[in-house]
Amino acid sequence: MDIFLLMGQSNMAGRGLLEDVEPIRNERIRVFQDGRWTIAEEPLHHDRPTAGIGLAMSFARTVLDANPGTEIGLVPRAVGSTPLERWMPGADLHEGAMAAAREVARDGTIKAVLWHQGEHDSKSEADASSYVERFSVMVATLREQLDAPSLPVIVGELGSYLSKRPDFPHYRIVNAELRRVPDAVRHSAFVNAEGLTDKGDSLHYDARSLRVFGERYADAYRRLQDDL
């Protein structure tokens with residue numbers, strides 16, 4: 001099984017409306033929940049009652065289309081409204097994700113981390129400006145803990161619709177930091193959100209955009225695999 005860790009906040013967990021897109025269901029796409037693997041169905045995350053469509057299922061479908069003999073395992077660990085601080089080594093979400101990763105490693109190979117986070121860190125200029133520095137430490141520790149020094153990490157851009165939200169004044173700084181990730185963290189990729197739209201709340205991508213976003217993550221993953 002090719003296993004992918006899903007980490008970050010609400011746009012990784014997914015808040016797209018289930019009725020807005022056709023469901024994706026394939027017996028070769030599995031999700032790890034409650035200590036066992038089951039056939040994946042959205043919502044993958046259950047961090048909030050509003051959890052819905054995310055980017056991971058279209059990512060998995062695209063990867064599977066290119067490798068039809070593969071089985072995909074998704075490990076949902078994202079939690080809405082969380083700062084990078086809670087994903088740093090020693091913090092609760094980081095250690096929870098690492099515990100899950102060690103548990104699933106017996107069933108296959110962890111192939112990549114899919115990451116989308118940063119809205120929360122857009123509230124503070126200090127947090128926004130130090131994003132790459134802190135993120136690099138998190139990734140280095142994660143790779144060391146998993147004994148996977150070349151584990152690919154894929155990060156996504158924050159939506160430009162955040163410009164309508166006065167509570168995220170520094171999102172452009174975070175986006176600039178996210179674009180720097182491939183230069184600061186080896187075997188990593190940045191995925192742009194050009195043309196993607198929100199669900200009407202100026203905070204969460206809509207379901208159709210998340211389907212496209214997942215395909216872009218899959219393209220980035222393929223390029224990283226080619227470089228390994």
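**Why these words fit: helices and loop residues**

Trainee: Why are H5 and H6 said to be oblique to each other?

Mentor: Keep in mind that we're looking at a predicted model. Helix H5 (residues 131-145) and helix H6 (residues 171-184) pack at an angle of about 45 degrees. Angles under 35 degrees count as roughly parallel and 65 to 115 as roughly perpendicular. About 45 degrees fits neither range, so H5 and H6 are oblique. Their axes are 9 Å apart, and H5 passes H6 in a right-handed crossing.

Trainee: Which residues in H5 meet which in H6?

Mentor: On the H5 side you'll find Tyr131, Val132, Glu133, Phe135 and Ser136. They meet Val174, Glu177, Leu178, Arg180, Val181 and Ala184 in H6. Sort the residues of this contact by class and you get seven nonpolar, one polar and three charged.

Trainee: And H3 with H5: what makes H3 roughly parallel to H5?

Mentor: Same recipe. Helix H3 (residues 92-104) and H5 pack at an angle of about 30 degrees, and their axes are 11 Å apart. The cut-off for roughly parallel is under 35 degrees, so H3 earns that label with respect to H5. H3 passes H5 in a right-handed crossing.

Trainee: Which residues in H3 and H5 meet?

Mentor: H3 brings His94, Glu95, Met98 and Arg102, while H5 brings Met138, Thr141, Leu142 and Gln145. By class, that contact has three nonpolar, three polar and two charged residues.

Trainee: Let's move to a loop. How do you know whether histidine 204 is buried or exposed?

Mentor: Check its relative accessible area, which is 11%. Buried means under 20%, so histidine 204 is buried. You'll find histidine 204 in the loop between strand S7 (188-191) and helix H7 (207-227).

Trainee: What is histidine 204 in contact with, leaving aside its neighbours within four places in sequence?

Mentor: Ser10, Asn11, Arg15, Tyr161, Thr197, Asp198 and Lys199.

Trainee: What makes the pairing of histidine 204 and aspartate 201 a polar contact?

Mentor: The distance is part of it: their side chains are joined at 2.7 Å, and the cut-off for a pair of N or O atoms is within 3.5 Å.

Trainee: What about glycine 200: is it buried or exposed?

Mentor: Glycine 200 has a relative accessible area of 67%. Exposed means over 50%, so glycine 200 is exposed. Glycine 200 is also in the loop between S7 and H7.

Trainee: How far apart are the C-alpha atoms of glycine 200 and lysine 164?

Mentor: They're separated by 11 Å, with the two residues 36 residues apart along the chain.

Terms used:
Residues are numbered from 1 along each chain as its sequence is written. This is a predicted model: local features need pLDDT of at least 70, side-chain atom pairs count only at pLDDT 80 or more; totals for chains, interfaces and linings use all residues. Side-chain values use heavy atoms; hydrogens and water are left out. Helices (H or I, at least four residues) and strands (E, at least two) are DSSP runs, numbered from the N terminus. Buried means under 20% relative accessible area, exposed over 50%, partly exposed in between (1.4 Å probe, protein chains only). A polar contact is a pair of N or O atoms within 3.5 Å; within protein, one must be able to donate a hydrogen and the other to accept it, and residues adjacent in sequence count only if both atoms are side-chain atoms. Contact means heavy atoms within 4.5 Å. Axes are lines fitted to C-alpha atoms, for helices over the stretch in contact, and angles run from 0 to 180 degrees between N-to-C directions. Angles under 35 degrees count as roughly parallel, over 145 as roughly antiparallel, 65 to 115 as roughly perpendicular and the rest as oblique. A crossing is left-handed if the near helix is turned anticlockwise from the far one by less than a right angle, and right-handed if clockwise. Ala, Val, Leu, Ile, Met, Phe, Trp, Tyr, Cys and Pro count as nonpolar, Asp, Glu, Lys and Arg as charged, and the others, Gly among them, as polar.
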